[in-house]
Amino acid sequence: MCARRRAERARQPVGEGSWPVSDPPRRVVGHDHSVSMWWAGRRDALLAELADALVFFGADVVEDPGIGELAHTTETLAGEYRTSDRGPHLHQAGNLLAQAATELRTADRFRGTLLPIVTHHLRCAAVALAHARACLQAPVEPTAETHPGVRWPSGSRSAAR
C-alpha cells in the first residue's frame with residue numbers, strides 16, 4: 001500500500017471496531033478452512049505415526065486410532081514396562097511411555113478445538129516414544145542386576161573391549 005493511501009485511511013473515521021467505516025475487514029474465502037484442514041491432516045498423520053510406534057512396544061495394530069485410545073494403550077504399556085524385572089532400561093522405557101501417555105491425555109483434553117496445541121502434544125508424545133524405543137534398542141551392559149547368577153572373571157570384560 002502506498003504512503004498516500006495509508007494517510008487517507010488514517011484520516012477516515014473509525015467505527016466501533018478498529019476498522020474504518022468505509023473499509024470493513026476482508027475475509028479471504030477458504031483460507032481459514034484450508035488452514036484448519038492442514039492442521040487436521042497433520043493431527044491424523046501424527047496419530048497414525050503414534051499407533052505404528054506403539055506396535056514396537058507390544059500394542060495391537062489400530063487402523064483408525066483416537067487420541068484417548070492411544071493414551072489408554074500407552075498407559076497400559078507403561079505400567080507393564082515399569083513393573084518388569086528385566087532391567088533398568090525397561091523401567092526407563094516405562095517412564096518415557098508414561099510421559100508419552102501424559103502428553104496424549106493432554107492432547108485429548110483439547111480434542112479438536114485447538115489443533116496446533118493438539119499437534120504440539122502429539123509431537124511431544126512421538127518424541128517420548130522415540131526415546132523409549134532408543135532405550136530398548138541400546139546395547140545393555142551386563143550387570144549383576146540384569147544377569148543374576150553370572151560370575152564375571154576379573155579383568156575378562158575389560159580385556160574383551
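Here a student and a tutor talk through the predicted model shown above.

Student: Before we start, what sort of model is this, and what is the mean pLDDT of the protein chain?

Tutor: It's a predicted model, so local features need pLDDT of at least 70, side-chain atom pairs count only at pLDDT 80 or more, and totals for chains, interfaces and linings use all residues. Residues are numbered from 1 along each chain as its sequence is written, and side-chain values use heavy atoms, with hydrogens and water left out. pLDDT is the predictor's confidence in each residue, from 0 to 100. Here 66% of the residues reach 70 or more, and the chain's mean pLDDT is 79.

Student: Over which residues does pLDDT stay under 50, with 13 contacts beyond four places in sequence?

Tutor: A contact means heavy atoms within 4.5 Å. One stretch with pLDDT below 50 is residues 155–161, which has four contacts beyond near neighbours in sequence. The stretch with 13 such contacts beyond four places is residues 14–25.

Student: How many helices and strands does the protein chain have?

Tutor: Helices (H or I, at least four residues) and strands (E, at least two) are DSSP runs, numbered from the N terminus. Reading from the N terminus, the elements go α-α-α-α-α-α. That's six helices and zero strands.

Student: What share of the contacts with a separation of 6 or more comes from residues 24 or more positions apart?

Tutor: We're talking about contacts in the protein chain, counted by how far apart the partners sit in sequence. Residues 24 or more positions apart account for 52%.

Student: Which residues touch the most other members of the largest nonpolar core?

Tutor: A nonpolar core is a set of buried Ala, Val, Leu, Ile, Met, Phe, Trp, Tyr and Cys residues joined through side-chain atoms within 4.5 Å. Buried means under 20% relative accessible area, exposed over 50%, and partly exposed in between (1.4 Å probe, protein chains only). In the 29-residue core, the ones touching the most other members are Leu50, Phe57, Leu104 and Leu122.

Student: Which helices each supply at least two residues of this core?

Tutor: Go by element: the 29 residues of the largest core draw at least two from each of α2 (31–56), α3, α4 and α5 (115–137).

Student: What does Leu104 contact, leaving aside its neighbours within four places in sequence?

Tutor: Two of its partners, Leu50 and Leu122, are on the list of residues touching the most other core members, as is Leu104. In α3, Ile67, Leu70, Ala71 and Thr74 are among the buried residues, and in α5 so are Leu122 and Ala125. The full list for Leu104 is Leu50, Ile67, Leu70, Ala71, Thr74, Leu122 and Ala125.

Student: Why does the span of α3 agree with what we'd expect?

Tutor: The expected span of a helix is 1.5 Å times one less than its number of residues. α3 has 16 residues, so it should span 22 Å, and its end C-alpha atoms are indeed 22 Å apart.

Student: How far does α4 reach from its first C-alpha to its last?

Tutor: With 23 residues, α4 is expected to span 33 Å at 1.5 Å a residue. After α4 comes Arg111, with a positive phi near 50°. The reach of α4 itself is 34 Å.

Student: Which residue pairs with Glu75 in a salt bridge?

Tutor: A salt bridge is a side-chain nitrogen of Lys or Arg within 4 Å of a carboxyl oxygen of Asp or Glu, and the whole structure has two. For Glu75, the closest N and O atoms are 3.1 Å apart, and the partner is Arg105. Glu75 lies in helix α3 (residues 67–82) and its partner in α4, so the pair ties together parts that are 30 residues apart in sequence; that partner is Arg105.

Student: In the salt bridge between Asp44 and Arg43, is Arg43 buried or exposed?

Tutor: The closest N and O atoms of this pair are 3.2 Å apart. Asp44, at 42% relative accessible area, is partly exposed. Arg43 has 19% relative accessibility, so Arg43 counts as buried.

Student: What does Thr119 touch, not counting residues up to four places away in sequence?

Tutor: Thr119 lies in helix α5 and is buried, with a relative accessible area of 0%. Its contacts are Trp39, Arg42, Arg43 and Leu46.

Student: How many disulfides does a search of the whole structure find?

Tutor: A disulfide is a pair of cysteine sulfur atoms within 2.5 Å. Cys124 is partly exposed at 24% relative accessible area, whereas Cys135 is buried at 15%. The number of disulfides found is zero.
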